[in-house]
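Here are my notes from going through this one, as a few numbered points. Have the structure open while you read.

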Amino acid sequence: MRIRIAPSLLSADFSRLDREVESVGEADMLHLDLMDGVFVPNLSFGPPVIASLAGHTDLELDAHLMTTRPDLLYEDLQRAGVSRVSVHCEACLHLHRELMTIRSLGMSPGVALNPATPLSAIEEALSWVDFVLIMSVNPGFGGQKFIPESLDKIRRLRKITPEMEIAVDGGVNTENAVELVRSGATTLVAGSSVFSYPDRRAAISDLRDSCLKGA
Ligand code: DX5
Ligand code: ZN
């Protein structure tokens, strides 16, 4: 499976988002973190900001919903140009309904898992999603330290589902990219390890080179 790099806009300079989005055009998709201050202790941006930025990139827009009512956002996200939406299994009482709604709107559904949530929580949902997002930090903030147990979780998930796109989000960098890819991750979400470097093209290329060592 091809390894994809997804810069997370959360680590960008919010005072110049248009230029920040344009700076990561070499990547494979743009990861957009939506927060409600309840599911996670932080706020970020919502569909109007995404709609304004959509014209500044050709990248696929990948929305990661860290909100207690993700259902309130799907239609606006679709109108904003988002093509992939992941919802947290911890936030959804009716996960099947959420995933079906996302798909019915023509977007690709994914399920996200917090570090302490066991894989068994999404076992049933695997046949309804296009990808799984393994959180390797507690969601809410960029720049946190990678939780090492995430590697084993990815390995176990890869065994259960050999063809699934497995995305990993949190503390991803050139040091752990090799091991993540070896463990079975196919999409690397990277916030600070892209946006904290002035040369984004080089940062993305360094991550790709690290992944190749693990492939
Ligand atoms: C955290 C977000 C991540 C975050 C990753 O809640 O879901 O996407 O931006 O940032 P880094 O790569 O800096 O850990
Ligand atoms: Zn994220």
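1. Start with the sheet. Its 8 strands are ordered β1-β8-β7-β6-β5-β4-β3-β2, the sheet is open, and the pairing is parallel. Keep in mind that this is a predicted model. As background, strands of a sheet pair through backbone hydrogen bonds, in either a parallel or an antiparallel way.

2. Now the edges. β1 (4–7) and β2 (29–35) each have a single partner strand, so one side of each has no neighbour in the sheet. Going from strand to neighbouring strand, the average turn is 25 degrees, ignoring direction.

3. For a closer look at one pairing, try β7 and β8. Strand β7 covers residues 165–169 and strand β8 covers 187–190; the two run parallel and are joined by 3 bridges. If you want a landmark, find A167, which sits opposite T187 in β8.

4. One helix to check against the sheet is α5 (residues 150–160). Helix α5 lies across β5 (108–113), β6 (131–135) and β7, and runs at about 160 degrees to β6.

5. On to charges: the whole structure has 16 salt bridges. One of them pairs E20 with R16, with 3.9 Å between the closest N and O atoms. Is E20 buried or exposed? E20 has a relative accessible area of 3%, and because the cut-off for buried is under 20%, E20 counts as buried. Its partner R16, at 30% relative accessibility, is partly exposed.

6. The pair I'd point out next is E26 with R201, whose closest N and O atoms are 3.4 Å apart. This salt bridge links distant parts of the chain: E26 is in the loop between α1 (17–22) and β2, while R201 belongs to helix α8 (residues 200–214), 175 residues away. As for accessibility, E26 is partly exposed at 37%, and R201 is exposed at 53%.

7. R79 and D76 also form a salt bridge, with the closest N and O atoms 2.8 Å apart. Where do R79 and D76 lie? Both are in helix α3 (residues 74–80), and because they are 3 residues apart there, about one helical turn separates them. R79 is exposed, with 60% relative accessibility, whereas D76 is partly exposed at 36%.

8. Last, a cluster worth selecting together: R4, E60, D62, R84 and E165 are joined into one network by salt bridges that share partners.

Technical notes: Residues numbered from 1 in each chain as written. Chains lettered and ligands numbered in written order. Predicted model: local features only at pLDDT ≥ 70, side-chain atom pairs only at ≥ 80, totals over all residues. Heavy atoms only, no water. Pairing = 2+ DSSP bridges. Helix = DSSP H or I, 4+ residues; strand = E, 2+ residues; numbered from the N terminus. Axes fitted to C-alpha atoms, helices over the stretch in contact; angles between N-to-C directions. Contact = heavy atoms within 4.5 Å. Salt bridge = Lys/Arg side-chain N within 4 Å of Asp/Glu carboxyl O. Buried < 20%, exposed > 50% of the residue type's maximum accessible area, 1.4 Å probe, protein only.
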